[in-house]
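Reader: I am in my first year and would like to take a close look at a single part of this model, with each term explained as it comes up.

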Amino acid sequence: QLQLVESGGGLVHPGGSLRLSCVISGFTLDHYAIGWFRQAPGKEREGVSCIHGSSGITNHADSVKGRFFISRDNAKNTVYLQMNSLKPEDTAVYYCAAYRSADTGIPLISTWLYDYWGQGIQVTVSS
(Lines give C-alpha, C1' and ligand atoms only; values in the text may rest on other atoms or scores of the structure.)
Protein backbone atom coordinates (compact mmCIF):
# COMPACT_ATOMS: atom_id res chain seq x y z
CA GLN A 1 0.00 0.00 0.00
CA LEU A 2 1.45 3.33 -1.08
CA GLN A 3 1.52 5.86 1.71
CA LEU A 4 3.07 9.26 2.35
CA VAL A 5 3.01 10.72 5.86
CA GLU A 6 4.04 14.29 6.63
CA SER A 7 5.36 15.55 9.95
CA GLY A 8 7.17 18.56 11.40
CA GLY A 9 4.60 21.28 10.90
CA GLY A 10 3.49 23.79 13.51
CA LEU A 11 3.56 27.43 14.51
CA VAL A 12 6.66 29.53 13.91
CA HIS A 13 7.47 33.24 14.11
CA PRO A 14 8.31 35.19 10.95
CA GLY A 15 11.96 34.68 10.10
CA GLY A 16 12.01 31.29 11.76
CA SER A 17 12.64 27.82 10.35
CA LEU A 18 10.88 24.49 10.18
CA ARG A 19 11.78 21.15 8.67
CA LEU A 20 9.04 19.00 7.23
CA SER A 21 9.49 15.27 6.75
CA CYS A 22 7.66 12.94 4.38
CA VAL A 23 8.03 9.26 5.17
CA ILE A 24 7.14 7.06 2.22
CA SER A 25 6.06 3.43 2.36
CA GLY A 26 4.99 0.97 -0.30
CA PHE A 27 7.57 2.05 -2.85
CA THR A 28 11.18 3.18 -2.97
CA LEU A 29 12.29 6.64 -3.99
CA ASP A 30 14.50 5.51 -6.84
CA HIS A 31 11.82 5.57 -9.53
CA TYR A 32 9.78 8.51 -8.30
CA ALA A 33 9.78 12.25 -8.10
CA ILE A 34 8.64 13.55 -4.74
CA GLY A 35 7.20 17.02 -4.38
CA TRP A 36 5.98 19.38 -1.71
CA PHE A 37 2.87 21.43 -2.31
CA ARG A 38 0.89 23.88 -0.24
CA GLN A 39 -2.60 25.25 -0.09
CA ALA A 40 -3.61 28.36 1.77
CA PRO A 41 -7.25 29.10 2.65
CA GLY A 42 -9.14 30.29 -0.40
CA LYS A 43 -6.24 29.61 -2.76
CA GLU A 44 -5.34 26.88 -5.20
CA ARG A 45 -2.80 24.24 -4.33
CA GLU A 46 0.63 25.26 -5.58
CA GLY A 47 3.91 23.44 -6.10
CA VAL A 48 6.76 24.39 -3.78
CA SER A 49 9.69 22.05 -4.37
CA CYS A 50 10.43 18.62 -5.78
CA ILE A 51 13.27 16.16 -6.05
CA HIS A 52 13.95 13.06 -8.10
CA GLY A 53 14.58 10.12 -5.83
CA SER A 54 17.34 8.67 -7.99
CA SER A 55 19.27 11.64 -9.38
CA GLY A 56 18.63 14.04 -6.50
CA ILE A 57 17.97 16.84 -8.98
CA THR A 58 15.69 19.47 -7.47
CA ASN A 59 13.30 22.13 -8.62
CA HIS A 60 11.83 25.00 -6.60
CA ALA A 61 9.11 27.56 -7.15
CA ASP A 62 10.39 31.12 -7.52
CA SER A 63 8.57 32.17 -4.35
CA VAL A 64 10.74 29.90 -2.20
CA LYS A 65 14.08 29.84 -4.00
CA GLY A 66 16.92 30.56 -1.63
CA ARG A 67 14.70 29.95 1.43
CA PHE A 68 13.40 26.38 1.04
CA PHE A 69 15.58 23.36 0.38
CA ILE A 70 14.44 19.84 -0.45
CA SER A 71 16.50 16.73 0.21
CA ARG A 72 16.06 13.01 0.49
CA ASP A 73 17.42 10.07 2.44
CA ASN A 74 16.92 6.98 0.33
CA ALA A 75 17.94 4.65 3.15
CA LYS A 76 15.07 6.04 5.25
CA ASN A 77 12.72 6.48 2.27
CA THR A 78 12.17 10.01 3.50
CA VAL A 79 12.08 13.41 1.84
CA TYR A 80 12.64 16.63 3.76
CA LEU A 81 11.71 20.24 3.20
CA GLN A 82 13.88 22.69 5.10
CA MET A 83 12.08 26.02 5.30
CA ASN A 84 14.06 29.08 6.37
CA SER A 85 13.24 32.78 6.63
CA LEU A 86 9.58 31.93 6.87
CA LYS A 87 7.01 34.60 6.05
CA PRO A 88 3.34 34.90 7.00
CA GLU A 89 2.46 34.20 3.37
CA ASP A 90 4.05 30.75 3.73
CA THR A 91 1.16 29.80 6.00
CA ALA A 92 -0.68 26.86 4.45
CA VAL A 93 -1.35 23.16 4.63
CA TYR A 94 1.69 21.43 3.17
CA TYR A 95 1.41 18.15 1.29
CA CYS A 96 3.98 15.74 -0.04
CA ALA A 97 3.19 13.81 -3.18
CA ALA A 98 4.81 11.45 -5.66
CA TYR A 99 4.72 10.48 -9.31
CA ARG A 100 6.56 7.70 -11.02
CA SER A 101 9.28 9.03 -13.28
CA ALA A 102 11.95 7.21 -15.24
CA ASP A 103 13.30 10.57 -16.38
CA THR A 104 16.06 11.52 -13.95
CA GLY A 105 16.26 15.07 -15.27
CA ILE A 106 14.65 18.08 -13.66
CA PRO A 107 11.45 16.94 -11.95
CA LEU A 108 8.28 18.95 -12.34
CA ILE A 109 6.12 20.51 -9.64
CA SER A 110 2.88 20.53 -11.59
CA THR A 111 0.06 19.32 -9.42
CA TRP A 112 -1.61 17.27 -12.14
CA LEU A 113 1.40 14.97 -12.51
CA TYR A 114 1.27 13.62 -8.98
CA ASP A 115 -0.63 10.41 -8.31
CA TYR A 116 -0.01 9.80 -4.64
CA TRP A 117 -0.63 12.31 -1.87
CA GLY A 118 -0.19 12.60 1.86
CA GLN A 119 -2.83 13.93 4.22
CA GLY A 120 -1.17 17.30 4.68
CA ILE A 121 0.20 19.17 7.66
CA GLN A 122 -0.43 22.72 8.88
CA VAL A 123 2.34 25.31 8.87
CA THR A 124 1.48 28.66 10.43
CA VAL A 125 3.83 31.63 10.36
CA SER A 126 2.67 34.30 12.75
CA SER A 127 3.94 36.62 15.44
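What is the torsion about the S-S bond of Cys22 and Cys96, and is the disulfide right-handed or left-handed?

Author: Before the answer, please keep in mind that this is a predicted model, in which local features need pLDDT of at least 70 and side-chain atom pairs count only at pLDDT 80 or more, while totals for chains, interfaces and linings use all residues. Residues are numbered from 1 along each chain as its sequence is written, and side-chain values use heavy atoms, with hydrogens and water left out.

The torsion about the S-S bond of Cys22 and Cys96 is about 60°, so this disulfide is right-handed. Cys22 belongs to strand E3 (residues 18-25) and Cys96 to strand E9 (residues 92-100), so the pair ties together parts that lie 74 residues apart in sequence. The strands named here (E, at least two residues), like helices (H or I, at least four), are DSSP runs numbered from the N terminus. In general, a disulfide is a covalent bond between the sulfur atoms of two cysteines; here the term is applied to a pair of cysteine sulfur atoms within 2.5 Å. The sulfur atoms of Cys22 and Cys96 are 2.1 Å apart, and theirs is the one disulfide that the structure holds. Cys50 does not join in, because its sulfur is 13 Å from the closest cysteine sulfur, that of Cys96, which is too far for a bond.

As for the surroundings, Cys22 is buried, with a relative accessible area of 0%, where buried means under 20%, exposed over 50%, and partly exposed in between (1.4 Å probe, protein chains only). Cys96 counts as buried at 0% as well, and Cys50 is likewise buried, with a relative accessible area of 0%.

One residue that touches Cys22 is Thr78, whose contacts (heavy atoms within 4.5 Å), leaving aside residues up to four places away in sequence, also include Ser21, Val23, Leu29 and Ser71. Thr78 is found in strand E8 (residues 78-83) and is buried, at a relative accessible area of 6%. Its side chain reaches the backbone oxygen of Lys76 at 2.8 Å.

Strand E9, which holds Cys96, also leads us to the aromatic residues, since the loop between E9 and E10 contains Tyr114, treated below. The structure holds eight aromatic pairs, counted when rings of Phe, Tyr and Trp (its six-membered ring) have centres within 6.5 Å, with planes under 30 degrees apart called stacked, over 60 edge-to-face and the rest tilted. In one of them, the rings of Phe27 and Tyr116 have their centres 6.2 Å apart and their planes at 35°, so the pair is tilted. Phe27 lies in the loop between E3 and strand E4 (32-39), and Tyr116 in strand E10 (residues 116-117), so this pair ties together parts 89 residues apart in sequence. Phe27 is buried at 9% relative accessible area, whereas Tyr116, at 28%, is partly exposed. Another pair, formed by Phe37 and Tyr114, is edge-to-face, with 4.8 Å from centre to centre and 75° between the planes. This pair links distant parts of the chain, for Phe37 is in strand E4 and Tyr114 in the loop between E9 and E10, 77 residues apart. Phe37 is buried at 0% relative accessibility, and Tyr114 is buried with a relative accessible area of 5%.

Definitions and conventions. Polar contact = N/O pair within 3.5 Å; in protein donor to acceptor, adjacent residues only side chain to side chain.
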